[in-house]
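Please open the model in your viewer and keep the sequence panel beside it. The stops below proceed from loops to helix packing and back to a loop.

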Amino acid sequence: MPELPEVETVRRGLLTLLVGHTVKKVTHDTPKSFPNAMADVEQFLVGATVTDIRRRAKVLMIDLSSQYSLVIHLKMTGQIVYRGELVFGAGHPNDSLIGTLPDRSTRVEFELDRGAKLFFNDQRKFGWVRLIPTIEIPNIDFMKKVGPEPLDVNFTDKEFIQRLQRRKNTTIKAAILDQTVLAGVGNIYADEGLWGAKIHPATRVKDVAENKLKKLFTELRYILELSIEKGGSTDRNYVNAEGKKGSYISFARVFRKEGTPCQRHPDTLIKKIKVAGRGTHICPECQKL
DNA sequence: CACTTGACCTGTCCGC
DNA sequence: TGCGGACAGGTCAAGT
């Protein structure tokens with residue numbers, strides 16, 4: 001769920017809401033969600049001020065004045081939600097969007113100055129928050145192997161094709177979901193991009209013509225940009241930093257559209273199949289093996 | 001090494 | 001209505 005556009009939307013929200021706040025206190029209910037020693041929390045988090053919010057792939061980074069950062073992966077059901085007296089008062093309409101916090105999915109609660117709070121909620125406990133020195137972020141395993149940012153202007157379609165073709169015997173869907181090939185694409189945008197490029201998701205990479213791969217790159221970039229514009233996709237759990245849902249899903253052409261007509265072939269219904277172990281949505285007419 | 005599958009979790013939905 | 005099982009999808013570990 002939280003893929004590149006969703007994490008980017010959270011980043012932009014936090015940039016406005018969180019930068020400048022000082023952390024007063026931290027509590028968590030699940031060691032798995034926040035595995036740091038409390039001694040580190042006391043020394044490098046409590047009393048520190050938020051200086052910047054960054055994103056790489058689907059990973060969010062909250063930089064602190066202590067030269068440490070909160071590194072966050074939302075995985076499937078993670079949420080980062082800010083609640084501040086300056087933005088939401090009691091009875092504010094946004095309260096109804098996500099309910100009262102903390103709730104039973106709240107894993108970490110950050111108390112901030114000026115009465116504000118930051119919540120890390122995660123129903124399924126796959127996500128995590130880690131406090132690490134800012135300078136060491138590039139050395140964590142994920143950062144060392146993650147591929148280029150799709151929206152980086154220096155990432156050329158030639159390189160995209162080269163990186164994809166390293167996985168020549170796997171399916172094209174598995175290849176674009178592989179974070180070492182390129183960063184940030186998950187199940188929703190994989191399906192949307194493959195429909196846009198008219199490629200069947202189960203096609204082996206080696207069997208996809210280069211002009212189609214080039215088209216796929218263009219489509220993925222277009223879709224990711226459009227989704228950021230729409231505030232991301234809310235399928236089930238995702239909300240932005242203010243607890244609000246995204247609207248991209250209403251623009252989706254195939255994702256969760258099974259049984260509805262294809263936009264290019266009104267007589268053909270979108271079908272749901274399984275590729276690379278994931279629910280996959282296709283138009284059987286424009287995406288053939 | 002390349003590739004696939006299962007595990008991690010919990011809530012929801014579907015069929016009986 | 002209750003209950004079991006399938007499903008949701010990001011990443012890593014373990015398996016082929």
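Begin by selecting Q67, which lies in the loop between β3 and β4 (68-73); helices (H or I, at least four residues) and strands (E, at least two) are DSSP runs, numbered from the N terminus. The model is a predicted one, in which local features need pLDDT of at least 70, side-chain atom pairs count only at pLDDT 80 or more, and totals for chains, interfaces and linings use all residues. Residues are numbered from 1 along each chain as its sequence is written, chains are lettered from A and ligands numbered from 1 in the order in which they are written, and side-chain values use heavy atoms, with hydrogens and water left out.

**Backbone stops**

With Q67 selected, inspect the backbone: phi is near 70°, a positive value in a residue other than glycine. Most residues other than glycine have a negative phi, and most peptide bonds are trans. Q67 is exposed, with a relative accessible area of 57%; buried means under 20% relative accessible area, exposed over 50%, and partly exposed in between (1.4 Å probe, protein chains only).

Next, select A57, in the loop between β2 (50-56) and β3 (59-64). A57 is not a glycine, yet its phi is positive, at about 55°. Is A57 buried or exposed? Its relative accessible area is 0%, so A57 is buried.

Move then to L101 and P102, which are joined by a cis peptide bond with omega of about 0°. P102 is found in the loop between α3 (95-98) and β6 (106-112).

Select T30 in the loop between β1 (23-28) and α2 (38-45). T30 counts as buried because its relative accessibility is 10%. Residues up to four places away in sequence aside, T30 touches R107 and K125; contact means heavy atoms within 4.5 Å.

**Helix α5 against α8**

Now display helix α5 (residues 157-164), where F160, I161, R163 and L164 are buried. These residues cover an arc of only 165° around the axis, which puts them on the same side of α5; the arc is that of the directions from the helix axis to the C-beta atoms. An α-helix has 3.6 residues a turn, so residues three or four places apart point the same way.

What covers the buried residues of α5? The cover includes α6 (172-177) and α8 (210-229).

Add α8 to the view: the axes of α5 and α8 come within 9 Å and cross at roughly 110°. That angle makes α5 roughly perpendicular to α8. Axes are lines fitted to C-alpha atoms, for helices over the stretch in contact, and angles run from 0 to 180 degrees between N-to-C directions. Angles under 35 degrees count as roughly parallel, over 145 as roughly antiparallel, 65 to 115 as roughly perpendicular and the rest as oblique.

To see the contact itself, select D157, F160, I161 and L164 in α5, which meet E210, L213, K214, L216, F217 and L220 in α8. By class, this contact of α5 with α8 has seven nonpolar, no polar and three charged residues (Ala, Val, Leu, Ile, Met, Phe, Trp, Tyr, Cys and Pro count as nonpolar, Asp, Glu, Lys and Arg as charged, and the others, Gly among them, as polar).

**Two further partners of α8**

Keep α8 displayed and add helix α7 (residues 187-196), which packs against α8 at an angle of about 130°, with the axes 8 Å apart. That angle makes α7 oblique to α8. The contact is made by Y189, E192, G193, L194 and G196 of α7 and K215, L216, E219, L220, I223, L224 and S227 of α8. The residues of the contact of α7 with α8 comprise six nonpolar, three polar and three charged.

Then turn to helix α1 (residues 4-17), whose axis comes within 9 Å of that of α8 and crosses it at roughly 35°. Here L4, P5, E6, E8, T9 and R12 in α1 meet L224, S227 and I228 in α8. The contact of α1 with α8 has four nonpolar, two polar and three charged residues.

**Last stop: R253**

Finally, select R253 in the loop between α8 and β9 (271-275). R253 counts as buried because its relative accessibility is 14%. Which residues does R253 touch, not counting residues up to four places away in sequence? They are E192, W195, G196, E219, I223, Q263 and I270. As a closing distance, the C-alpha atoms of R253 and G279, 26 residues apart along the chain, are separated by 15 Å.
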